[in-house]
Amino acid sequence: MSESAVRIGLVLPDVMGTYGDSGNSVVMRQRLRLRGIDAEVVEITLNDAVPAELDLYTLGGAEDYAQRLATRHLLRYPGLQQAAARGAPVLAICAAIQVLGHWYETSSGERVEGVGLLDVTTSPQGERTIGEVVSEPLLAGLSQRLTGFENHRGGTVLGDGARPLARVVSGAGNRAGDGIDGAVQGSVVATYLHGPCLARNPELADHLLSQVVGELAALEIDEVEQLRRERLAAPRRH
């Protein structure tokens, strides 16, 4: 890896990669390379300590047992927490919101202490939430609607230290009836949107990347815009 390359940490894809969320790291790498900026993805598995010196990080979704493994590993090797403390951007998807919170309850009722990067708690909902989501971003710097696919049983509640990423237009989001999706706290941006999220939402990808490399030139990619139009229409069709 070049010493000048932007280093994107893909955290625990061996246990937190159930829903294809590893694609978010590929999207960020490609969007930098298309602009002539060298970038590499650094995979961090259960065999590795979590490095604190990478430029940004992303985590994905998982099932209950895998979540517990991930939580234990991140507490044992607190490189992610150290990176977030110095302001490195962190993108957390679905189960990763729960892992980074204060605690979460599994479907069997077991309460697991989380990493504590987000002021959120998660408990099982009566029914699993599955389907397309469209939301209006509440994060400064974002203007385009966010889209994704949610698939989760846990319902996440935000404390005073976290603020929502977006207001749900169609779908459920964090918890059925609350009307919000995700959480933002410090340098951590979290959401329940799969897809992969950044393939569907390039503005969010560039928002995260710009915190590392500064202002980015616009990219016009017809296939990306076609995907956005299709996915924005999907909830209305169903």
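Colleague: In which element is the place of Pro137?

Modeller: The place of Pro137 is in strand β7, and please keep in mind while we read that this is a predicted model.

Colleague: Is Pro137 buried or exposed?

Modeller: The general idea is that a residue counts as buried when its relative accessible area is under 20%. Pro137 has a relative accessible area of 14%, so Pro137 is buried.

Colleague: How many residues apart in sequence are Pro137 and Gly109, and how far apart are they in space?

Modeller: Pro137 and Gly109 are separated by 28 residues in sequence and by 32 Å in space, taken from C-alpha to C-alpha. One can read another pair in this way, since Leu69 and Leu158 are 89 residues apart in sequence, with 24 Å between their C-alpha atoms. Leu158 belongs to strand β8, which covers residues 146–158, and with a relative accessible area of 21% Leu158 is partly exposed.

Colleague: Why can side chains of opposite charge pair?

Modeller: Such side chains can pair when their charged atoms come close. A search of the whole structure finds 11 salt bridges, and one of them joins Glu105 to Arg111, where the closest N and O atoms are 3.2 Å apart. Both partners are partly exposed, Glu105 at 22% relative accessibility and Arg111 at 46%.

Colleague: Which residue forms a salt bridge with Glu132, and how far apart are the closest N and O atoms?

Modeller: The partner of Glu132 is Arg231, and the closest N and O atoms of this salt bridge are 2.7 Å apart. The pair links distant parts of the chain, because Glu132 sits in strand β7 (residues 120–137) while Arg231 sits in helix α7, 99 residues away. Glu132 counts as buried at 17% relative accessibility, and Arg231 is buried as well, with a relative accessible area of 16%.

Colleague: Which residues are linked with Arg231 in a network of salt bridges?

Modeller: The network of salt bridges links Arg231 with Glu132, Arg200 and Glu230. Within this network, the side chains of Glu230 and Arg231 meet at 3.3 Å, N to O, and Glu230 is partly exposed, with a relative accessible area of 38%.

Colleague: Which residues gather in a patch of negative charge on the surface?

Modeller: To read such a patch, one looks for like charges that lie within 9 Å. Here the patch of negative charge on the surface is formed by Glu220, Asp222, Glu223 and Glu225. Of these residues, Glu223 can be placed in helix α7, which runs over residues 222–237, and Glu223 is exposed, with a relative accessible area of 58%.

Colleague: How many residues has helix α6, and what does it reach from its first C-alpha to its last?

Modeller: The general idea is to compare the span of a helix with the one expected at 1.5 Å a residue. Helix α6, residues 202–213, has 12 residues and reaches 16 Å from its first C-alpha to its last, which is close to the 16 Å expected.

Colleague: Which residues of α6 are buried?

Modeller: The buried residues of α6 are Pro202, Leu204, Ala205, Asp206, His207, Leu208 and Leu209.

Colleague: Which residue takes a positive phi just after α6?

Modeller: That residue is Gly214, which has a positive phi of about 90 degrees just after α6.

Notes: Residues are numbered from 1 along each chain as its sequence is written. This is a predicted model: local features need pLDDT of at least 70, side-chain atom pairs count only at pLDDT 80 or more; totals for chains, interfaces and linings use all residues. Side-chain values use heavy atoms; hydrogens and water are left out. Helices (H or I, at least four residues) and strands (E, at least two) are DSSP runs, numbered from the N terminus. Buried means under 20% relative accessible area, exposed over 50%, partly exposed in between (1.4 Å probe, protein chains only). Patches are made of residues with over 30% relative accessible area and no salt bridge: like charges are joined within 9 Å, nonpolar side chains (Val, Leu, Ile, Met, Phe, Trp, Tyr) within 5 Å. Accessible areas come from the Shrake-Rupley method with a 1.4 Å probe; for residues, only the protein chains shown count as cover. A salt bridge is a side-chain nitrogen of Lys or Arg within 4 Å of a carboxyl oxygen of Asp or Glu. Lys and Arg count as positive and Asp and Glu as negative; His and the chain ends are not counted. The place of a charge is taken as NZ of Lys, CZ of Arg, CG of Asp or CD of Glu.
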